[in-house]
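User: Please take a close look at the packing contacts in this model. I would also like to know about individual residues in and around the parts that pack.

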Amino acid sequence: MKMINRRFNNEGFDSHSLSQEEWIIQIMEVYQDKVIRLAYTYVKDRKLAEDLAQEVFVKCYIHKDNFRNDSSVKTWVYAITVNLCKDYLRSGWKKYIQVMDRFGKSRPSSVLTPELSIVQKSEHEALADQVLKLPLKYREVILLFYYKELTVCEISQILNKKETTIRTLLQRGRELLRRKLEKGR
């Protein structure tokens, strides 16, 4: 194996004592659901997102030695996911099937009445629908920032854009989303 990546050890991925197969199994256990959710936000199809996730982990396995330790494993895996999704969307094979499997981020409070719980779920779904309808350049930064809870710095590494560009896209995306939500009321 080439030089040991310290970030792997900091994140719990001990690449020094694991075989490549054991390493990829660990990566898959930690990031599989997150990668599927991220891919879904691009392709809006659960089965296709699962297929893309498999492709992501194959690329991670093949290109493990190319990981430069410039970022965390999480950022590296997310960057591969974003790039594969963008490649798919650019390809002639894309199919837009609207299967709304929500982001899975809402946490119902135990003190909510059933009525309030339904209203909260409805509002969450309306917000998720509007986020998914945003143009890709705004949708991806909003999803990475709010739903994946990445920093502006991490998003800039994943999307290979300047931090100021990411902040501008976030600001414009939030404004566009606010206007869409106000219009819908």
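Analyst:
**Helix packing**

From the N terminus on, the elements of the chain run α-α-α-α-α-α-α-α. That makes eight helices and zero strands. The model is a predicted one.

Some totals for the chain come before the details. Of its 185 residues, 39% count as buried. The chain exposes about 11,300 Å², and carbon and sulfur atoms supply 51% of that area. Taking contacts between residues at least 6 apart in sequence, 63% join residues at least 24 apart.

The account of the packing starts with helix α2, residues 20–43. Helix α2 packs against α3 at an angle of about 145°, and the two axes are 8 Å apart. Their crossing is right-handed. By class, the residues of this contact divide into 18 nonpolar, two polar and three charged.

Two residues belong with this pair. Glutamate 21 has its place in helix α2. With a relative accessibility of 43%, glutamate 21 is partly exposed, because the value lies between the 20% limit for buried and the 50% limit for exposed. Its C-alpha is 7.9 Å from that of tyrosine 61, although 40 residues separate the two in sequence. Lysine 44 sits in the loop between α2 and α3. A relative accessible area of 13% means that lysine 44 is buried. The backbone of lysine 44 also deserves a look: phi is positive, about 55°, and the residue is not a glycine. Most residues other than glycine have a negative phi.

Next is the pair formed by helix α3 (residues 46–62) and helix α4 (residues 73–90). These two pack at an angle of about 125°, with 9 Å between their axes. The pair is therefore classed as oblique. As between α2 and α3, where the crossing is right-handed, α3 passes α4 in a right-handed crossing. On the α3 side the contact is made by Leu48, Leu52, Glu55, Val56, Phe57, Lys59 and Cys60. On the α4 side it is made by Trp76, Val77, Ile80, Thr81, Leu84, Cys85 and Tyr88. Of the residues in this contact, 11 are nonpolar, one is polar and two are charged. Glu55 and Lys59 of α3 are the charged ones, while Thr81 of α4 is the polar one.

Helix α4 also holds lysine 86. Is lysine 86 buried or exposed? At 17% relative accessibility it counts as buried, because the limit for that class is 20%. Which residues does lysine 86 touch, leaving aside neighbours within four places in sequence? They are Tyr42, Glu140 and Leu159. Of these, Tyr42 falls within the residue range of α2, and Glu140 is one of the buried residues of α6.

That contact leads to helix α6, which spans residues 136–147. Its buried residues are Tyr138, Arg139, Glu140, Val141, Ile142, Leu143, Leu144 and Tyr147. Helix α6 packs with helix α8, residues 163–184. Their axes come within 9 Å and cross at roughly 100°. The two helices are therefore roughly perpendicular to each other. From α6, the contact takes in Lys137, Tyr138, Val141, Ile142, Phe145 and Tyr146. From α8, it takes in Ile166, Leu169, Leu170, Arg172, Gly173, Arg174 and Leu176. The classes here are nine nonpolar, one polar and three charged residues. Tyr138, Val141 and Ile142 appear in this contact and are also among the buried residues of α6.

What follows α6 is glutamate 149, with a positive phi near 55°. Like lysine 44, which is not a glycine, glutamate 149 shows a positive phi in a residue other than glycine. Glutamate 149 lies in the loop between α6 and α7, the latter covering 152–159. Lysine 44 is buried, whereas glutamate 149 is exposed, with a relative accessible area of 53%.

Threonine 164 completes the account of this part, and it lies in helix α8. At 52% relative accessibility, threonine 164 counts as exposed, because the class begins over 50%. Its C-alpha is 8.7 Å from that of valine 152, and the two residues are 12 apart in sequence.

Conventions. Residues are numbered from 1 along each chain as its sequence is written. This is a predicted model: local features need pLDDT of at least 70, side-chain atom pairs count only at pLDDT 80 or more; totals for chains, interfaces and linings use all residues. Side-chain values use heavy atoms; hydrogens and water are left out. Axes are lines fitted to C-alpha atoms, for helices over the stretch in contact, and angles run from 0 to 180 degrees between N-to-C directions. Helices (H or I, at least four residues) and strands (E, at least two) are DSSP runs, numbered from the N terminus. Angles under 35 degrees count as roughly parallel, over 145 as roughly antiparallel, 65 to 115 as roughly perpendicular and the rest as oblique. A crossing is left-handed if the near helix is turned anticlockwise from the far one by less than a right angle, and right-handed if clockwise. Contact means heavy atoms within 4.5 Å. Buried means under 20% relative accessible area, exposed over 50%, partly exposed in between (1.4 Å probe, protein chains only). Accessible areas come from the Shrake-Rupley method with a 1.4 Å probe; for residues, only the protein chains shown count as cover.
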